[in-house]
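Visitor: I would like a close look at a single part of this assembly, namely its contacts between chains and the charged pairs that go with them. Please take it slowly and keep each value beside the part it belongs to.

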4 protein chains.
Amino acid sequence: MSHNSFGHLFRVTTFGESHGPAIGCVIDGCPPEMNLSEAEIQPYLDQRRPGQSSYTTQRMEPDTVKILSGVFEGQTTGTPISLMIENTDQRSKDYSEIKEKFRPGHADFTYMKKYGIRDYRGGGRSSARETAMRVAAGAVARKVLGDSITVRGGLTRMGSKQINYVNWDWDEVHRNPFFCPDAEAAEQFKIYLDEIRKAGSSVGGEIEVHASGVPAGWGAPIYGKLDADLAGAMISINAAKGVEIGAGMTAACLTGETNADEMRMKDGKPVFMSNKAGGILGGISTGQDIVVRFAVKPTSSILTPRQTVDVNGNETDIATKGRHDPCVGIRAVPVGEAMMACVLADHKLRHRAQCG
Amino acid sequence: MSHNSFGHLFRVTTFGESHGPAIGCVIDGCPPEMNLSEAEIQPYLDQRRPGQSSYTTQRMEPDTVKILSGVFEGQTTGTPISLMIENTDQRSKDYSEIKEKFRPGHADFTYMKKYGIRDYRGGGRSSARETAMRVAAGAVARKVLGDSITVRGGLTRMGSKQINYVNWDWDEVHRNPFFCPDAEAAEQFKIYLDEIRKAGSSVGGEIEVHASGVPAGWGAPIYGKLDADLAGAMISINAAKGVEIGAGMTAACLTGETNADEMRMKDGKPVFMSNKAGGILGGISTGQDIVVRFAVKPTSSILTPRQTVDVNGNETDIATKGRHDPCVGIRAVPVGEAMMACVLADHKLRHRAQCG
Amino acid sequence: MSHNSFGHLFRVTTFGESHGPAIGCVIDGCPPEMNLSEAEIQPYLDQRRPGQSSYTTQRMEPDTVKILSGVFEGQTTGTPISLMIENTDQRSKDYSEIKEKFRPGHADFTYMKKYGIRDYRGGGRSSARETAMRVAAGAVARKVLGDSITVRGGLTRMGSKQINYVNWDWDEVHRNPFFCPDAEAAEQFKIYLDEIRKAGSSVGGEIEVHASGVPAGWGAPIYGKLDADLAGAMISINAAKGVEIGAGMTAACLTGETNADEMRMKDGKPVFMSNKAGGILGGISTGQDIVVRFAVKPTSSILTPRQTVDVNGNETDIATKGRHDPCVGIRAVPVGEAMMACVLADHKLRHRAQCG
Amino acid sequence: MSHNSFGHLFRVTTFGESHGPAIGCVIDGCPPEMNLSEAEIQPYLDQRRPGQSSYTTQRMEPDTVKILSGVFEGQTTGTPISLMIENTDQRSKDYSEIKEKFRPGHADFTYMKKYGIRDYRGGGRSSARETAMRVAAGAVARKVLGDSITVRGGLTRMGSKQINYVNWDWDEVHRNPFFCPDAEAAEQFKIYLDEIRKAGSSVGGEIEVHASGVPAGWGAPIYGKLDADLAGAMISINAAKGVEIGAGMTAACLTGETNADEMRMKDGKPVFMSNKAGGILGGISTGQDIVVRFAVKPTSSILTPRQTVDVNGNETDIATKGRHDPCVGIRAVPVGEAMMACVLADHKLRHRAQCG
């Protein structure tokens, strides 16, 4: 069962609420004798960390990760690796409004319907703060994958603004505050998001994640297909509403001729001449880049009042003041990378188990 | 682990190859004392069954399902339900070409890379024939869900042709050979697909599945979210390349104002005034219709020769003659419905387990 | 979840009732390119098959196993292997008595309490007939383990009669109808069991299973310990009530000095000078023989009337006539071997996954 | 997968090493709206805590448990409950000897063979310190079971000394330092263990755990049988070598007549007149007391030198000085109770899921 765990052989379990004492995770099944230190995990957390530019929430937390177990003298021991981040910025705030009212687009209503109780402070368990542990786990997953595999992503759309794929430059991703691989688009994003932010509004985003260097053969059909696991992993990210592999939804518009990734020999090896498949056929990696795209909805917390109801069944309005990301899609980039890395690490071990 | 199983409490394991003696499944965890007979499963299989119109493959198999266990005197006993369909149309065919050549878009290359061996007859395990067992399991899942929940789907796009949502009529779905909910679009599909078929080509499709009557509260965050499980289930369907929940990929284009599903009271109950969320918030059902859309790529087997390589590393071409669906999206409709039903049945039991 | 499945990477799911159309299993995760045929599975089934001597039930079924999937041209393909045995001896019998009465020692009462319904024909799902599929799966597991690992067992106790460990001779096991490794004890068993059988009574038994050649390092602490998995596997066998690893229950009587398996070097390798541990320390194999013992209770179906109640709450008596094993412990020997093989095969793959 | 997790719906994952910063666990699937506080968990930890009498190790740690998540305003929220105990008594000790030498009976050799690395400080992950988290989880499990179910255990054997079942008195269990239900035996244990301790030796023990008030119907055959899960759970406890359900290994000695638990009606309800079955038939609870017994071997750390080898392949001796339990069986009593409670809580939820 997997309420709060994912993966099978590289298995991650997370815990913690936005405003509880700590958030954390347990990573089970990690191979032994792998170098690992907090210093290797922290940089990924710093990428996701809020408050780094005016384009993300101003919640200020160092998000310092601590390894509690599973590492001895700088090496993994094969026992569960537990990581923890203490919550330091639990601003003493007045929660009376969100305690009573269901914020549209948030999980307030559904958590209440499911559990009959909810930790309303900062969204509790449903807060995107949980994704910090995905990023931490993803850093460990990258170590499992090794240097021959690169996982990286970028923001390809922000509301009505989209990148030009011709301009794609991986180096550009870390030069702008949006993880945008297109320098021109990044400029547009800046102007556009300033407007959105000033208006107290928010906007959705689209993220594309690539994994290069994945050998052909990973994935476990029929119900452990690599693409199915990736799709589930991406949609499990807060606010994600759609996911695409390769051609994605556009595949519906293609013909058999235009969709076929033809093959030729190159240097004695079979190569594909296109990648409509997104690097996956029959649920198994082809050896090409794995390409996954996902869309996240706009932040639900906005300044404009929205109609809602309260826990007592009264009609009311709600407007959210305070620190919120105008585009959560930005910080979803490192999260998407992390999920890709975790799914691949799991399948690396699964493949090794069955096929040696 | 779940190479060939899915679901946790309503758990389905499938087996079988396209041209082996039989395909089958084992459904574990089904509640006892539920009426169940082969006659209740067969109609769903008949919907998926090939050879029913000129728009699907002409492989002729009765696909008669047999219950091998788990049912006694017309009732489920709580023990595993095994269903089997014997393969009768194993046309003695010359497989020498696909034995040697990797068909672009098919899983030939990846199965070979993963396992070092493949049953090339009709695609073996990677054949869409496996989806018959999903449909059979889905029929059982519908019984678990009961009469208050309705799961139904339709074909919303075929290549360049799309339905007009204004015309949506559930009754229309079973009046045309495409499961299309728009009578006008169905007419267009007919003309369009005739051309495609005559040209020996194929085309992709988009399927939308709705579940009505699902109570608020189903879904198990963070890693058993209802939408994440649905996304994984849909992408696990052969040829699926993209999946959307509610607004889907379009969510990236929205603002916080346009995305919010506002709430009001109606007859003393909270209701939503729109359904951008597709009936799921925070991974938990809201009580609204659950709306999932997925895209399938065009059938990879086409008459036009495509460049490929063979198992010995020679460059070559391949063109596929013979019986193939010009648009596999059509038969993906009952499959998508079945996956929705299975995921919901699983979550019904998961919710009952934790929350009583 | 695992109502009817066991193992994680070598995963077995069984289905079927004693008097339904068939029993079967699905084995998932089996490595590809392994030779496998029905002829390699059948001999193990023949060992377990009833009606081979006067000391087992006279139910006569050929128990012919059929491979339905996962094998192509004599080799495993990495896809699920489904095995099936059709039930041929469904003697049209009068079940009216056991339909109404709860047989002491049987699962009649508990299945009824759990499910509210039960297939009373021959015990339905709770029948030891299900163990045929364990034996079939065990035959496949042996192939996964390879020739360097030997799994074999023997009957070490029958009621008040016990073997003399000094006489242990593996060759003897297949020379007597009891799988007894002590020729002298086998003679005693013969006389003893004849009496039991003629009296319409039954008697318990103790089985010891050894695995030789298992390398050090298999097992996945803390909750996938090799001994814990073996204990669960053995107790899951019908009628099993106790299980021991190495010294077993006797370990409670030892001191630290007598319990220690001391170590020396031999031919440059560390060796143990005793095996109180039964080949497992900390849940991980030591490289010594793995030794597991389990006890099965006497067959509950006996000629002597026993007090019971019926489904309507009336007090009554029941005596069971007809074909029953006077000592089910005999046929539990091949079943115990099979479970050992399956658990080891699973852990071979689990170890390979994590540790390479 | 379950390297470091157990249970399916009440799922416990533990982490931490004996001498790392902390040990902890994550409990997933716990029903919401259940009162829970640290004060309800601590008393169980105090029972297991070392240093409470001269009969247990003198390691002095307060073992103060802290709830990190899953509880809000004194109630469970349905989200994962994380518990943590910081390790305070990490005595700066000279580990050079056990770093190099494999201690007989310990997991030193096998961890090294499996992982190629081991945290040798205090046994690392293989230390019985991990059982503190089982006890903590068990306290939560008891809350899931509710007041109508009582889980309690006692020490029934210490080396050559055994209790007299006639004297069994549950109240006595907490009056002596051995959790012994027989006051007379407790006196004997005292004298006996003093000798053992003074000799620097150790001795094994046998623990019996009962669960009263469990309704008929829990357990999930065939591979989630209640007794199989209990057997696996008990053998997973450090040093456990044997486990028995009801009659246990003795069942091998019984006849069908003596083994049958006959039934009568009492106050309109079916009752059993004996409990050889230990409260479980066919893997499902009968409604009688569930009775499980397990044996733990003597502490492997003793003063008497034992022959062993070191990591470099040299023959050597080892004698363990310092704080160790002369009979780990004593502190295994609260651990056994905890495992029983956890398994039952899991099966309560599993039963509710399938059977409503």
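Guide: Counted over all chains, the salt bridges come to 76, and the model in which they are counted is a predicted one. Side chains of opposite charge can pair when their charged atoms come close. Three pairs within single chains may serve as examples before the interfaces are taken up. In chain B, Asp46(B) is joined by a salt bridge to Arg49(B), with 3.4 Å between the closest N and O atoms; Asp46(B) counts as partly exposed because its relative accessibility is 25%, and Arg49(B), at 22%, counts as partly exposed too. Also in chain B, Arg121(B) forms a salt bridge with Asp119(B), where the closest N and O atoms are 2.8 Å apart. The two partners of that pair fall into separate classes of accessibility: Arg121(B) is partly exposed at 22%, whereas Asp119(B), with a relative accessible area of 8%, is buried, the limit for that class being under 20%. In chain D, the salt bridge between Arg175(D) and Asp169(D) has its closest N and O atoms 3.8 Å apart; here Arg175(D) is exposed, at 56%, while Asp169(D) is partly exposed, at 29%. Beyond such pairs, Arg48(A), Asp63(A) and Arg129(A) are joined into one network by salt bridges that share partners.

The interface of chain D and chain C can be approached through its symmetry. A turn of 180° with a shift of 0.0 Å along the axis lays chain D on chain C with an RMSD of 0.0 Å, and the two copies are therefore related as by a two-fold rotation axis. The same surface serves both copies, since 99% of the contact residues of chain D recur in chain C. Among the residues of chain D, Gly232(D) comes closest to the rotation axis, its C-alpha lying at 2.3 Å.

In this interface 106 residues of chain D are in contact with 106 residues of chain C, and the two chains bury about 8,600 Å² between them, of which 60% is on carbon and sulfur atoms. On the side of chain D, the residues that lose the most area to chain C are Lys114(D), Tyr223(D) and Lys241(D), which together account for 11% of what that side buries. Four salt bridges are counted between chain D and chain C, one of them between the side chains of Glu262(C) and Arg306(D), at 3.8 Å from N to O. Polar contacts link 55 residue pairs across this interface, both residues of each pair being at pLDDT 80 or more. Helix 3 of chain D, residues 108-115, supplies the largest share of the side that touches chain C, namely six residues, and by class that side of chain D has 47 nonpolar, 37 polar and 22 charged residues.

The interface of chain C and chain B can be described in the same terms. Chain C is superposed on chain B by a rotation of 180° with 0.0 Å of shift along its axis, at an RMSD of 0.0 Å, and 100% of the contact residues of chain C recur in chain B, the same surface serving both copies. Here 41 residues of chain C are in contact with 41 residues of chain B, and about 3,400 Å² is buried between the two chains, 64% of it on carbon and sulfur atoms. Zero salt bridges are found across this interface, although eight residue pairs are in polar contact, both residues at pLDDT 80 or more. Several elements of chain C give two or more residues to the side that touches chain B, including strand 3 (22-28), strand 7 (81-86) and helix 3 (108-115); strand 2 of chain C gives the most, with five residues. That side of chain C has 16 nonpolar, 16 polar and nine charged residues.

Helix 3 of chain B deserves a look of its own. Six of its eight residues are buried, so this helix is largely enclosed by the rest of the structure. The buried residues are Asp108(B), Phe109(B), Thr110(B), Tyr111(B), Lys114(B) and Tyr115(B), and they pack against strand 12 (263-266), strand 13 (269-272), strand 14 (280-281), strand 15 (284-285) and helix 8 (332-355) of chain A. Just after helix 3 of chain B comes Gly116(B), which takes a positive phi of about 75°.

Methods. Residues numbered from 1 in each chain as written. Chains lettered and ligands numbered in written order. Predicted model: local features only at pLDDT ≥ 70, side-chain atom pairs only at ≥ 80, totals over all residues. Heavy atoms only, no water. Least-squares fit on C-alpha atoms with pLDDT ≥ 70 in both. Contact = heavy atoms within 4.5 Å. Buried area = accessible area lost by both parts, 1.4 Å probe. Polar contact = N/O pair within 3.5 Å; in protein donor to acceptor, adjacent residues only side chain to side chain. Helix = DSSP H or I, 4+ residues; strand = E, 2+ residues; numbered from the N terminus. Nonpolar A, V, L, I, M, F, W, Y, C, P; charged D, E, K, R; others polar. Buried < 20%, exposed > 50% of the residue type's maximum accessible area, 1.4 Å probe, protein only.
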